[in-house]
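Please open the model in your viewer and keep the sequence panel visible. The tour proceeds by selections, each followed by a short account of what is found there.

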Amino acid sequence: MSGSPAYLLAVLLQGVPATVLSTLGGIVLCLVLSFAAGLGMLAPWRWVRAIARIYVEVWRGTSEVVQLFWIFFALPLLVGFELLPLWAGILVLGLNHGAYGGEIVRGAIRSVPREQHECAVALSFTPAQRMRLVVLPQAVVEMIPPFNNLFIQLLKASSLLSLIFVHDITYQGRDVLEPNFSGQTALIYLLMLALYLILSVLITLVMRFWERRAAAGVGRAPQPKEKALTRVEGGVV
């Protein structure tokens, strides 16, 4: 076996599909749970707020590794049904990061000026219409930057799935390549870092695109680069 950089990269690339699938699956589940938890914590019913808060505190306040082991190793002993490693990983990624996302949604909705709510009431909108037509479009613009960070964190957390035998980038590097090419450990992990960085940049590019689209949808023009630079240099930011 050749230990050339090209060979090492080719082996690591075999783990990219599992990393991408687990990240995309985790993001989808994270978004669903984020909005459910965020809206739940703002619901007028106390029992709904309690359920949403318990979910957020439990999944945000416990170790993601322990959550992963519990879902994959312990839960089958209780229910007699074992999830496939990739599905167990997606479930944990979504549940864990959805708890953080719930706070993002809640905070963004509460940041919408009260005057906007009052205008919607004056137009005789129902509570559902106020949320859907007035509040959420403006709140989504505020949500996207923190969701960008959260999705990158989720991507990096997907490396934990190698602990339950998902053949992702980390598994390919740590369990396939390193035992056979121990003298090239630094190069192996450098290539792994580069692959995760590329995927993180792709997430950022997609999220910035949606941020511009969302801002345009509520009539907000993107801030000119020259103005932003001036504000930073002047100590405003």
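Begin by selecting glutamate 103, which is buried because its relative accessible area is 17%, and the limit for buried is under 20%. Please bear in mind throughout that this is a predicted model.

**The salt bridges around arginine 60**

Keep glutamate 103 selected and add arginine 60. The two residues form a salt bridge, and their closest N and O atoms are 3.7 Å apart. This pair links distant parts of the chain: glutamate 103 belongs to helix H5 (residues 85–111) and arginine 60 to helix H3, with their positions 43 residues apart in sequence. Arginine 60 counts as partly exposed, at 29% relative accessibility.

Next, add glutamate 57. Which residues does glutamate 57 pair with? One partner is arginine 60, with the closest N and O atoms 2.8 Å apart. Glutamate 57 also forms a salt bridge with arginine 53, where the corresponding distance is 2.9 Å. In general, side chains of opposite charge can pair when their charged atoms come close.

Look now along helix H3 (residues 46–60): glutamate 57 and arginine 53 are four residues apart, so about one helical turn separates them. Glutamate 57 and arginine 60 are three residues apart in helix H3, which also means a separation of about one helical turn. An α-helix has 3.6 residues a turn, so residues three or four places apart point the same way. Glutamate 57 is partly exposed at 37% relative accessibility, and arginine 53 is partly exposed with a relative accessible area of 29%.

To complete the selection, add Arg106; Arg53, Glu57, Arg60, Glu103 and Arg106 are linked in a network of salt bridges. The count of salt bridges comes to six.

**Valine 65 in helix H4**

Select valine 65, which lies in helix H4 (residues 64–79). Its relative accessibility of 28% places valine 65 among the partly exposed residues. Leaving aside residues up to four places away in sequence, valine 65 touches Leu160 and Leu163. Then select alanine 157: it is 92 residues from valine 65 in sequence, yet their C-alpha atoms are 9.4 Å apart in space.

**Asparagine 148 in helix H7**

Move to asparagine 148 in helix H7 (residues 127–157). Is asparagine 148 buried or exposed? Asparagine 148 is buried, with a relative accessible area of 11%. Show its contacts as well: beyond residues up to four places away in sequence, asparagine 148 touches Ile203, Thr204 and Met207.

**Helix H8 and its neighbours**

Select helix H8 (residues 169–177), whose buried residues are Ile169, Thr170, Tyr171, Gln172, Gly173 and Leu177. These buried residues pack against helix H1 (5–13), helix H2 (16–41) and H9.

**A nonpolar patch on the surface**

Follow helix H9 (residues 185–217) to leucine 202. Leucine 202 counts as partly exposed because its relative accessibility is 46%. Add Leu197, Ile198, Val201 and Leu205, which together with Leu202 make a nonpolar surface patch of about 480 Å².

**The whole protein**

Finally, show the entire chain. How many helices and strands does the protein have? There are 10 helices and zero strands. The C-alpha atoms fill a box of roughly 70 × 55 × 25 Å along the principal axes. Of the 237 residues, 39% are buried. The protein exposes about 13,500 Å², and 68% of this is supplied by carbon and sulfur atoms.

Key: Residues numbered from 1 in each chain as written. Predicted model: local features only at pLDDT ≥ 70, side-chain atom pairs only at ≥ 80, totals over all residues. Heavy atoms only, no water. Patch = residues over 30% accessible without salt bridge, like charges linked within 9 Å, V, L, I, M, F, W, Y side chains within 5 Å. Areas by Shrake-Rupley, 256 points an atom, 1.4 Å probe, with all protein chains shown as cover. Salt bridge = Lys/Arg side-chain N within 4 Å of Asp/Glu carboxyl O. Helix = DSSP H or I, 4+ residues; strand = E, 2+ residues; numbered from the N terminus. Buried < 20%, exposed > 50% of the residue type's maximum accessible area, 1.4 Å probe, protein only. Contact = heavy atoms within 4.5 Å.
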